[in-house]
Amino acid sequence: MQSENMSMRSEAEEHLRVIRSLMERATIYRAISAPAALIAGLLACVAGFGFAGEVNSLRSDPASLVAADEYYTRDFTFQLKWLAVLAAASAVNFWFLARDARRRGDPFVSPAMRMALKAMLPPLLCGAVFAWIRPGSAVVPFWLVFYGLALLSTAHFAPPSLTRLGWPFLLTGFAVLLRHAYDFGVPILAAPWDDYTMAATFGIFHIIYAACVWAKEKPATEVVPAT
């Protein structure tokens, strides 16, 4: 029993140490997240606003889809496009994190990163499952809700600016979910507005976040040489 208590105490101390390390590096992580958020936001805006018409034109008329297989194949292009955006944005974010880890001489998969991933994994996993079981754009509100929950799950160690970003996603997801729930008689196939919703949230929200982070950064104090 004593050894078990000591083990639990040691685990709790390690947990607190990792949290303290994350909080101490909050400013660094905020600086890293800003350029990653900007790139992710720009990718989402291009995918949502730039390619909405091209992709959705294939699915705008359900009567033109002869077979059910063609119906769901074309509808699945919506998810494929946004999953590609997610993969590209995630790759950029991990590149920034890896570069900063090399600069500090720390391992890339550190205890702090494992704790962050452990906190964010449940809502992100829910988003992945709903993407599998929900056809096409019907998954949009669930992506928004679960991404917002993932950001809010980091509240005990992440910069406040990151957790504040979670609330707009969560509330917008609820609003879109209500719109879908009471949109009777509308085909399941994605309308351009679903692409616009993704661009306005994952695009514009991230761009605003990056701009706010950079605006709050204190400029370096200039040293005037003595004459």
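Me: Let's start from a definition: buried means under 20% relative accessible area, exposed means over 50%, and partly exposed lies in between (1.4 Å probe, protein chains only). By that rule, is Asp 100 buried or exposed?

Reply: This is a predicted model, in which local features need pLDDT of at least 70, side-chain atom pairs count only at pLDDT 80 or more, and totals for chains, interfaces and linings use all residues. Residues are numbered from 1 along each chain as its sequence is written, and side-chain values use heavy atoms, with hydrogens and water left out. Asp 100 sits in helix H4 (residues 68-104); helices (H or I, at least four residues) and strands (E, at least two) are DSSP runs, numbered from the N terminus. With a relative accessibility of 8%, Asp 100 counts as buried.

Me: Which residue forms a salt bridge with Asp 100?

Reply: A salt bridge here is a side-chain nitrogen of Lys or Arg within 4 Å of a carboxyl oxygen of Asp or Glu. The closest N and O atoms of this pair are 2.6 Å apart. The partner is three residues away in helix H4, so about one helical turn separates the two. At 59% relative accessibility the partner counts as exposed, and its name is Arg 103.

Me: Nice pair! The structure holds two salt bridges, so how far apart in sequence are the parts that Lys 81 and Asp 195 tie together?

Reply: The side chains of Lys 81 and Asp 195 meet at 2.8 Å, N to O. Lys 81 lies in helix H4 and Asp 195 in helix H8, so the bridge spans a sequence separation of 114 residues.

Me: And what is the relative accessible area of Asp 195 in that bridge?

Reply: Lys 81 is buried, with a relative accessible area of 14%. Asp 195 is buried as well, and its relative accessible area is 0%.

Me: Staying with helix H8, which side chain makes a polar contact with the side chain of His 206?

Reply: His 206 lies in H8 (residues 192-216) and counts as buried because its relative accessibility is 7%. Beyond its neighbours within four places in sequence, His 206 is in contact (heavy atoms within 4.5 Å) with residues including Ala 37, Leu 38, Gly 41, Leu 165, Phe 169 and Thr 201. A polar contact is a pair of N or O atoms within 3.5 Å; within protein, one must be able to donate a hydrogen and the other to accept it, and residues adjacent in sequence count only if both atoms are side-chain atoms. At 2.8 Å, the side chain that makes one with His 206 is that of Tyr 147.

Me: How many of the residues of helix H6 are buried?

Reply: H6 (residues 140-152) reaches 19 Å from its first C-alpha to its last, close to the 18 Å expected at 1.5 Å a residue; that expected span is 1.5 Å times one less than the number of residues. Among its buried residues are Pro 141, Phe 142, Trp 143, Phe 146 and Gly 148. H6 is mostly covered, and the buried count is 11 of 13.

Me: Finally, how many helices are there in the protein chain?

Reply: From the N terminus on, the elements run α-α-α-α-α-α-α-α. Buried residues make up 37% of the 227 residues, and of the contacts between residues at least 6 apart in sequence, 79% join residues at least 24 apart. With zero strands, the count of helices is eight.
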